[in-house]
Amino acid sequence: MKYRTKLDSGLRDAAASENKSLPIHRWVPWIAGFSAQFVEDAIRKYLPADRRARHLILDPFAGVGTTLIEGIKAGHGVVGYEINPFAALVARAKIDCVEVSPSELRAEVDAFRIAMQRLESEVDKCYSADPNADLLTVEDLAKARPENFKSRIPFFSPPIEAKFLYALIRTSALLEPDRSLFRAALGATMVSYSNYTYEPSLASRPGSGKALIENAAVGPTICRKLEEMLTDIEWARQTYGYNWLAQSRDIRQTSYFEADLEEGSVSLVVTSPPYMNNYHYVRNTRPQLHWLGLITNGGGNRLERASFGKFWQTVRQGERVDLDVDLPGLAESVGQLRAKHPEKRQYGGAGWANYVATYLNDSFRFTKSLRRHLAVGGHAVIVIGNSIIQGIEFPVDRLLAQMSEQNGLHVEDIHIVRTKRVGNSIIDSSVRNGDVNGHRGKTQLYDAAVVLRR
Ligand SMILES: C[S@@+](CC[C@H](N)C(=O)[O-])C[C@H]1O[C@@H](n2cnc3c(N)ncnc32)[C@H](O)[C@@H]1O
């Protein structure tokens with residue numbers, strides 16, 4: 001079946017970059033899929049404005065909570081699923097932020113700032129006198145170091161590690177909900193004073209042509225983030241106050257495939273699943289997961305296997321994965337991909353075909369669950385992009401639409417919400433090499449909003 005794609009959707013650009021300047025959304029950067037304004041428009045368009053009618057909004061891949069926050073602001077109940085413990089921690093801190101007492105948080109931030117100033121000046125003194133001094137003996141900091149975190153080059157330089165571990169120990173002593181806010185602030189800032197950088201995948205600074213960071217002011221950076229949070233919490237309390245607190249709001253740190261939501265309970269889904277571009281949410285948050293103690297030994301592997309689409313690195317060398325879904329031309333495309341570069345074994349077409357089949361099988365399961373959870377007449381707005389893998393285009397938006405129809409959902413529209421140049425993508429070039437369907441340069445990467453109705 002062919003779908004009409006529309007350009008004028010009434011939905012603002014799905015790019016997430018505007019989130020960087022919006023209250024609450026700006027706390028932690030994340031590869032988000034869409035902006036808060038996009039979600040606001042989707043809620044206005046697909047949910048009746050009548051405030052007396054409360055609706056439940058679901059985001060099955062909630063990330064750091066863009067949909068959840070916009071749903072609460074619009075006066076609706078929200079529920080999210082997010083498998084990554086760091087993203088789930090941030091989303092939880094955001095949806096519960098109105099419960100925080102600004103005066104108590106202010107006192108804690110002030111106490112933290114003073115303690116950090118004292119520690120930092122000690123560390124800086126020791127380090128400038130003897131750059132080889134063992135700074136981790138101060139206050140038994142070494143005990144807070146994560147056991148199973150390994151990186152190619154030291155993640156933090158010695159003085160920064162001492163400062164960060166001290167901040168971590170102080171944060172652990174706080175009570176909720178403030179503790180989560182402090183941990184979110186540490187997680188949001190830690191890469192900025194580390195020897196790693198987001199490009200947007202996590203890479204070492206020297207590997208990205210940047211200098212190592214030998215020393216830095218850690219406390220002031222964390223405090224700036226906390227001040228930003230405090231300002232936004234005060235704004236949310238003044239603007240939404242009781243209405244915010246009255247909404248049912250939940251984020252579940254588990255896979256959406258495990259969701260035990262009531263059948264037909266959801267009026268609107270606004271979501272963006274991981275794209276078929278192998279952006280590795282788990283590896284890219286290893287620093288936060290390990291240093292904040294959010295993952296135990298072996299937990300990373302479990303997370304990778306339970307993630308939507310798993311990852312190329314997880315499935316490339318396992319048993320051959322076949323499609324569970326039957327769509328016109330799809331088996332042929334996957335077969336073509338599998339036949340590419342057999343000499344490269346799992347690094348050639350065979351490994352990528354395993355990834356694509358796993359991803360599309362999960363997409364099929366996803367549309368099945370949507371059908372179960374949506375109320376009759378309810379809508380789902382799914383932002384997703386096409387992918388080009390080893391020169392073969394997979395129009396994931398249209399494939400998802402076809403799968404949805406197979407599972408009993410009606411496809412209302414597919415809007416192209418953003419086009420981007422080939423080469424401007426986060427996909428590593430090795431994923432895309434080769435002519436695109438034999439027409440180099442003619443196929444563009446785009447983001448689409450697939451609108452479904454039950
Ligand atoms: C494109 S991001 C969504 C970001 C979100 N729109 C936001 O504004 O923050 C996709 C998210 O899906 C999460 N994810 C992957 N597999 C999942 C699963 N099986 N269940 C729930 N979440 C999952 C990833 O950790 C990632 O945060």
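In the predicted model, the protein chain is divided into two parts, domain 1 and domain 2. Domain 1 is assembled from three segments, 5-83, 254-273 and 367-453. Domain 2 covers a single segment, 99-234. Each domain gives 7 residues to the contact between them. On the side of domain 1 that touches domain 2, 6 residues are nonpolar and 1 is charged. No polar residue occurs on that side of domain 1.

The ligand is surrounded by 24 residues. The closest are Ala-32, Phe-61, Gly-63, Thr-66 and Phe-308. By class, the shell around the ligand holds 16 nonpolar residues and 7 polar ones. A further 1 residue of this shell is charged.

Helix packing was examined for H6 and H7. Helix H6 spans residues 178-189, and helix H7 spans residues 218-239. Their axes lie 9 Å apart and form an angle of about 125°. H6 is therefore oblique to H7. The crossing of the two helices is right-handed. From H6, the contact draws on Leu-181, Ala-185, Leu-186, Ala-188 and Thr-189. These meet Thr-221, Ile-222, Lys-225, Leu-226 and Met-229 of H7. The contact of H6 with H7 comprises 7 nonpolar residues, 2 polar residues and 1 charged residue. The charged residue is Lys-225 of H7. The polar pair consists of Thr-189 in H6 and Thr-221 in H7.

Methods: Residues are numbered from 1 along each chain as its sequence is written. This is a predicted model: local features need pLDDT of at least 70, side-chain atom pairs count only at pLDDT 80 or more; totals for chains, interfaces and linings use all residues. Domain bounds come from an automatic or database domain assignment. Two residues are in contact if their C-beta atoms, placed from the backbone, lie within 7 Å. Ala, Val, Leu, Ile, Met, Phe, Trp, Tyr, Cys and Pro count as nonpolar, Asp, Glu, Lys and Arg as charged, and the others, Gly among them, as polar. A residue is near a molecule or strand if its C-beta atom, placed from the backbone, lies within 6 Å of it. Axes are lines fitted to C-alpha atoms, for helices over the stretch in contact, and angles run from 0 to 180 degrees between N-to-C directions. Helices (H or I, at least four residues) and strands (E, at least two) are DSSP runs, numbered from the N terminus. Angles under 35 degrees count as roughly parallel, over 145 as roughly antiparallel, 65 to 115 as roughly perpendicular and the rest as oblique. A crossing is left-handed if the near helix is turned anticlockwise from the far one by less than a right angle, and right-handed if clockwise.
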